[in-house]
Amino acid sequence: MFQINDTVLYGSDGVCKITGVMDKEFGGKRSTYYVLKPVYNSATIYVPTDNQALLGKMRRVLSPEEISHLIESMPDEAVIWYEDETERKEKFKEILLRGDRVELVKIIKALYQHQMKQQEKGKRLHVADERIFKEAERMLYDEFALVLNLEPDQVLGFIMDKIKVEEKPREHVS
């Protein structure tokens, strides 16, 4: 399914490189594991090759074309919002666990808009919203940075420039 040197997304751990496959014993059970090294931190992650639930958290990274299409669709994406803070926290955590990029865009957009409304009132985001906002941005921006050969802190500017270009009216030539 996956090969050594493949770059994948692994759950909320983000972008990882498969550095090896090895037999290892954890909790008295010997299994074969993919060895993942997150690109943006120094942890090592072991994913059992026979655990379908954990393998399901490994996804290929998007291509530059897929990222471009996702960025172009951002202005049109609907906002996901739950007024109840507990429900919102629960639903947004589920989205983080799934790692679906379109859903991540929707919660980033929703939390950004909510943050702007809160600032107008002289308030800040709820702590749980702030954590989810940062985590969703990290997951999406780390992947974009790797694929587009940018630094993670350059991704937001790149997205904003791309959206502004797309929003400009097109000139018609006769």
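In strand 4, Y33 finds its bridge partner in P48. That pairing belongs to a predicted model, whose chain holds 6 helices and 5 strands. Reading along the sequence, you get the pattern β-β-β-β-α-β-α-α-α-α-α. The C-alpha atoms fill a box of roughly 65 × 50 × 25 Å along the principal axes.

**Strands and hairpins**

- Let's stay with the Y33–P48 pair for a moment: strand 3 (residues 29–38) and strand 4 pair in the antiparallel sense, with 4 bridges between them.
- These two strands make a hairpin, and 6 residues sit between them.
- Strand 1 (residues 7–10) also runs antiparallel to strand 2 (residues 14–26), and 4 bridges join the two.
- Here too there's a hairpin, this one with 3 residues between the strands. G11 is in the turn and has a positive phi of about 45°.
- Y10 has G14 of strand 2 as its bridge partner.
- Strand 1 has another partner as well: 3 bridges join it to strand 5 (residues 58–60), again antiparallel.
- In that pairing, L9 stands opposite R59 of strand 5.
- A general point for reading this part of the model: side chains in a regular strand alternate between the two faces of the sheet.

**The cavity**

- How many cavities of 30 Å³ or more are there? The count comes to 1, and the largest cavity holds about 40 Å³ of space.
- Some names from the strand section come back in its lining, including L9, G11, G14 and R59.
- The rest of the lining is made up of G99, R101, L104, M139, L140 and E143.
- Which helix gives the most to this lining? Helix 5 does, with 3 residues; helix 4 and helix 5 each supply at least two.
- By class, the cavity lining splits into 4 nonpolar, 3 polar and 3 charged residues.

**The largest pocket**

- The largest pocket has a volume of about 440 Å³.
- Its lining takes in 16 residues, and I108, K109, Y112, L156 and M160 are the ones nearest the centre.
- Helix 4 (101–120), helix 5 (127–148) and helix 6 are the elements giving two or more residues to the pocket lining.
- What's the chemistry of that lining by class? You'll find 12 nonpolar, 1 polar and 3 charged residues.

**Helix 5 up close**

- Helix 5 turns up in the lining of the largest pocket and in that of the largest cavity.
- Helix 5 has 22 residues and spans 31 Å from first C-alpha to last, close to the 32 Å expected at 1.5 Å a residue.
- Just past the end of helix 5, N149 takes a positive phi of about 60°.
- If you're looking at which side chains line up, remember that an α-helix has 3.6 residues a turn, so residues three or four places apart point the same way.

**How far to trust it**

- The chain averages a pLDDT of 89, and 94% of the residues score at least 70.
- Where is confidence lowest, and where is it highest? The low is in helix 6 (residues 155–167), at a mean of 78, and the high is in strand 4 (residues 45–48), at 95.
- Over residues 165–174 the pLDDT is below 50, and beyond near neighbours in sequence this stretch has 2 contacts in the model.
- Where pLDDT is low, don't read the predicted coordinates in detail.
- Keep in mind that helix 6, where confidence is lowest, is one of the elements lining the largest pocket.

Definitions and conventions: Residues numbered from 1 in each chain as written. Predicted model: local features only at pLDDT ≥ 70, side-chain atom pairs only at ≥ 80, totals over all residues. Heavy atoms only, no water. Pairing = 2+ DSSP bridges. pLDDT = per-residue confidence, 0-100. Contact = heavy atoms within 4.5 Å. 1 Å grid on protein atoms, 1.4 Å probe; cavity = no way out; pocket = protein on both sides within 12 Å on 5 of 7 lines; lining within 4 Å. Points joined across faces, edges and corners; volume = space filled by probe spheres on them. Nonpolar A, V, L, I, M, F, W, Y, C, P; charged D, E, K, R; others polar. Expected span 1.5 Å × (residues − 1).
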